[in-house]
Amino acid sequence: MERKTGSFASQLFGNLCILWRRCVFAVLSAGPVPNHIAFIMDGNRRYAKKRNMAEGDGHKAGFSALMSMLRYCYELGVKYVTVYAFSIDNFKRQPKEVQFLMDLMQEKIEELLREESIINEYGIRLHFIGNLQLLTGPVRAAMEKAMRVTAHNIQRVLLLCVAYTSRDEIAHAVQGSCKDKLNEVQALKEGKISNGMISIIDEDPNRNGIYMLNQHSCKDNLSASNVFSSNSVLKGAKDGKERDSFFVHTDQEHRSNCQETEIISCNGVIASSEEKRYKQGELSSNLINIEKNMYMAVAPDPDILIRTSGEMRLSNFLLWQTSTCPLYAPAALWPEIGLWNLVWAVLSFQRHHSYLEKKKKQS
Amino acid sequence: MFLHRLPTPVENTLPPNISKAPLTYARSQKHPLFRRQFLPSFHGPRTVLLPSPNVAVVSGSSWRQPEPFPPELRPDLMPKHVAVIMDGNGRWAKMRGSPPWVGHEAGVESLKRLIHLCCSWGIKVLTVFAFSYDNWKRPKVELDFLLRLFERTIDTEIEAFASEGIRISVIGDTSKLPNSLQKMIHNAEERTKQNSTLQLIIAISYSGKYDVVQACKAIAGKIKDGVVEIEDINERLIEQELETNCTKFPNPDLMIRTSGELRVSNFLLWQLAYAELVFDPKLWPDFGKDQFLEALASFQQRQRRFGARH
């Protein structure tokens, strides 16, 4: 009887907590809610030391904290959550600890794929981000299975950075970008593109150069708003969504109406009067190409980065993606992180939101 | 050091700033502000209209003397490379009802003070974010002033830098700068390239993403020339091609951003991977010796693990 009363009381208390939390989130939702929050889960080992626990228990407590934080984020309306689970630098730790973490990850992945887990409750799609080739076979297989099984979920996304560092990600993206460029050049050489020429015509100083670019070679690489000036005679979307409609003028039209100064290939040199504009366009093109090859290309950039334990550094995490993102470093160790830390971070985000949006539009 | 370069000292008619604002989010766990885990600690924009005493132009003779090393710091724990985002000039000027260029002028004075401190305290590299690639979108009047200010500052300070052993390096897309400024930068770099007391890296028209992109282009060029294979692309190769390859210590140990903004804003993106970040609520023209000392003390207290064990 006492057990039943106790169970009822705790259930009632649990329900009251949920109700209270939903009220808080309803108030928060009056303002802008971040679409993507990233966490550096720092402090598990210090937590274990502080509580005289085994180190492994600190990591287990960290996992419980992760589940709670995911619940809070998804209830609030955050769509993407990224967590720094295991860095490439962490392989430098004691082999025993590394093995423990790998086993823990494998065990928890299997737990997450069960019917009653948070994954199914919230319809979460899992992405494991990082150089997964550095992981052992069983762990990698578990991750690949988890990504496959949850691929159909579209409501929310959880990105777990494992065997990840931002520099490794950028190096991988640069490699991918160079491969793309090489393939492009080879395709050009093989003449697979029918109109492989660009003419840059600069008739008079007051008229901006008109670009005619081959659709097939460049449509994936250029962003209209960055490359072309407002005076250029082009139809097409400003944000590059309708890339096929970039190109209005035919070569014939150019030659009959304008004085040609140079004829170039898609990757060649531009006439000097338009060199700076082309350079900016090329810069944007390379930037887009690199971003396309990032592991994190599956999600938008984070709106907030939270690092627990009070340390204020990035530790090689999402360096590219957090370049304009506010950073918060609550003193709580990761297993101690609670609802109020999240509320505080979101309130600060809301306070700076309009200013940051203005800055993003300017860049 | 800068005796003959300083303007005539102006009497500071405004009372000194008596509020000592704490560093935001940058303290260790021991700071009482961060023990309160459940109460938000907001920092708003500073509404104090009073400048700190540091804003007053110091007397010429004190610049010649190196600053004594502070007893509260440990020489063996000093950062080799400090990076600074000099934020807040515009707001500083606005709070005084002045146009932005007054803030930028005051910012230059603040920078000179910091350079002097770095030279005195054995810091080898100081990188400052003078002008972002994104700043080209600012009003033309302000841009013209800033570019003229750069020219004037280099012109007036180059002799002092050369004699004090300061090496000037400039990183960023300088092709967008006026030819006269480009030439001046080139001359300054050439003139001071043998100096070794302090390397002052000025980031002008710079963005961290731009730096990585230009490194990628350079690597693509090497692949095209057959110098490098695609499979050889790794972190080390990229680091060699970044613009910070002009220094022996390309990665900052400590990054300071003033004005309380808690973000990196596309500055030294790659290089800041393991840097300790300090966000000071002071606006840049008010950032002086005390604030720098506090940032260095905070840096020295931190445990840097680089992903490994304690």
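# A walk through chains B and A

Start with chain B of this predicted model. Among its contacts between residues at least 6 apart in sequence, 80% join residues at least 24 apart. Color chain B by secondary structure and you will find eight helices and six strands. Following the sequence, their order is α-β-α-α-β-α-β-α-β-α-α-β-β-α. Of the 310 residues in chain B, 54% are buried. Now switch on the surface: about 13900 Å² of chain B is accessible, and carbon and sulfur atoms hold 54% of that.

**Next stop: helix α4 of chain B**

Select residues 140-164 of chain B, which make up helix α4. This helix has 25 residues and spans 35 Å from its first C-alpha to its last, close to the 36 Å expected at 1.5 Å a residue. Where is the kink in α4(B)? Center your view on B:Glu157, and you will see a bend of about 50 degrees.

Now show the side chains of the helix. Which residues of α4(B) are buried? Among them are B:Leu143, B:Leu146, B:Leu147, B:Phe150, B:Ile154 and B:Phe161. B:Glu157, at the centre of the kink, is also on the buried list. As you look, remember that an α-helix has 3.6 residues a turn, so residues three or four places apart point the same way.

What covers those buried residues? Add these parts of chain B to your selection, as the cover includes each of them:

- helices α3 (100-121) and α5 (179-192)
- strands β2 (125-132), β3 (166-171) and β4 (198-206)

Before leaving, click on B:Gly165, which follows α4(B) and has a positive phi, near 80 degrees.

**Across to chain A**

Chain A has 363 residues, 54% of them buried. Its secondary structure amounts to twelve helices and eight strands. For contacts in chain A with a separation of 6 or more, residues 24 or more positions apart account for 75%. Chain A exposes about 17300 Å², with 51% supplied by carbon and sulfur atoms.

Select residues 166-189 of chain A to see helix α7. Its 24 residues reach 34 Å from first C-alpha to last, close to the expected 34 Å. After α7(A) comes A:Gly191, with a positive phi near 70 degrees.

**Last stop: a patch on the surface**

Select A:Phe8, A:Leu12, A:Leu16 and A:Leu19, which form a nonpolar surface patch with about 420 Å² of accessible area together. Zoom in on A:Leu19, in helix α1 (residues 2-28) of chain A. Is A:Leu19 buried or exposed? A:Leu19 counts as exposed because its relative accessibility is 51%, and the cut-off for exposed is over 50%.

Terms used:
Residues are numbered from 1 along each chain as its sequence is written. Chains are lettered from A and ligands numbered from 1 in the order in which they are written. Side-chain values use heavy atoms; hydrogens and water are left out. Helices (H or I, at least four residues) and strands (E, at least two) are DSSP runs, numbered from the N terminus. The expected span of a helix is 1.5 Å times one less than its number of residues. The bend at a residue is the angle between axes fitted to the seven residues ending there and the seven starting there. Buried means under 20% relative accessible area, exposed over 50%, partly exposed in between (1.4 Å probe, protein chains only). Contact means heavy atoms within 4.5 Å. Patches are made of residues with over 30% relative accessible area and no salt bridge: like charges are joined within 9 Å, nonpolar side chains (Val, Leu, Ile, Met, Phe, Trp, Tyr) within 5 Å. Accessible areas come from the Shrake-Rupley method with a 1.4 Å probe; for residues, only the protein chains shown count as cover. A salt bridge is a side-chain nitrogen of Lys or Arg within 4 Å of a carboxyl oxygen of Asp or Glu.
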